[in-house]
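Please look over the structure shown here before reading the briefing that follows, which is arranged by topic.

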Amino acid sequence: MEERLQKILARAGYGSRRACEQLIIAGRVRVNGQVAALGSKADPAKDHITLDGAPLPKAEPLVYIALHKPRGVISSVDDPQGRTTVRDLVPVAGTLYPVGRLDEDSEGLVLLTNDGELANILTHPRFEHEKEYRVLLARRPDERQLEAWRRGVVLEDGHRTAPADVFPGETFGKGAWLKVILREGRKRQIRETAARLGLPVVRILRVRIGPLLLGRLKPREWRYLTPREVASLKKITPRN
């Protein structure tokens with residue numbers, strides 16, 4: 001059965017559909033010897049598909065893993081500087097890449113998978129899936145600061161953050177915990193938003209990606225997702 005090439009490439013483990021589209025646009029993909037164009041279709045059972053001249057590998061079984069990333073580990077499969085990566089923490093053979101990245105100083109739930117289709121669902125902005133965090137601040141926010149965070153804040157680069165759900169939690173010394181639910185995924189967004197509001201961040205812990213929960217996983221621990229969890233993630237649909 002014919003499918004779009006970016007879908008075939010994603011399923012073979014070459015990244016999200018958006019990343020695979022760039023491979024096609026760059027002219028690196030051929031079907032039966034002919035350079036493919038964006039929008040081309042092929043039947044992997046009948047057509048000879050190559051990337052940079054090499055045939056696509058046989059598709060690996062799809063794997064879905066939840067990891068509790070600790071502070072000091074980067075959300076990548078390798079690092080030129082030799083830092084520990086999330087891939088180092090999961091001794092499972094085959095291709096795995098992180099979906100739902102966290103910066104080096106943040107902790108919590110990261111999904112690792114070789115399912116490019118699911119990666120597309122969880123990273124494409126139009127799906128606007130929720131990501132929930134527990135955020136410890138060095139000082140207690142007032143209602144004005146909370147309301148500003150909920151409405152959206154203009155960051156240093158001029159981007160205005162999307163509205164967020166922000167709920168005050170328990171106090172902690174001179175600081176306090178917040179529950180923050182985002183529907184966009186800009187790098188270091190929580191830290192930069194809090195800084196613009198004069199609220200230093202002490203700790204960020206992600207506890208949920210869409211319907212997937214961190215649960216009782218401790219730092220550095222990981223587990224395979226259940227079939228029900230995988231199905232619930234794949235049910236995420238775009239907002240518009």
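**Helix H3 and its surroundings**

The buried residues of H3 are covered by elements that include helix H1 (5–11), H2, strand E7 (64–69), E8, strand E9 (107–113) and helix H6 (227–234). This is a predicted model, in which local features need pLDDT of at least 70 and side-chain atom pairs count only at pLDDT 80 or more, while totals for chains, interfaces and linings use all residues. Residues are numbered from 1 along each chain as its sequence is written, and side-chain values use heavy atoms, with hydrogens and water left out.

**Burial and capping of H3**

- Because 7 of the 8 residues of H3 are buried, this helix is largely enclosed by the rest of the structure (buried means under 20% relative accessible area, with a 1.4 Å probe and protein chains only).
- Those buried residues are Gly-116, Glu-117, Leu-118, Ala-119, Asn-120, Ile-121 and Leu-122.
- At the N-terminal end of H3, Asp-115 acts as a cap, with a side-chain oxygen 3.1 Å from the backbone nitrogen of Leu-118.

**Hairpin of E11 and E12**

- Strand E11 (residues 165–172) and strand E12 (residues 175–182) pair in the antiparallel sense over 6 bridges (two strands pair if DSSP finds at least two bridges between them).
- Phe-172 has Gly-175 in E12 as its bridge partner, and Gly-173, in the hairpin with 2 residues between the strands, takes a positive phi near 60°.

Notes. Helix = DSSP H or I, 4+ residues; strand = E, 2+ residues; numbered from the N terminus. Buried < 20%, exposed > 50% of the residue type's maximum accessible area, 1.4 Å probe, protein only. Contact = heavy atoms within 4.5 Å. Polar contact = N/O pair within 3.5 Å; in protein donor to acceptor, adjacent residues only side chain to side chain.
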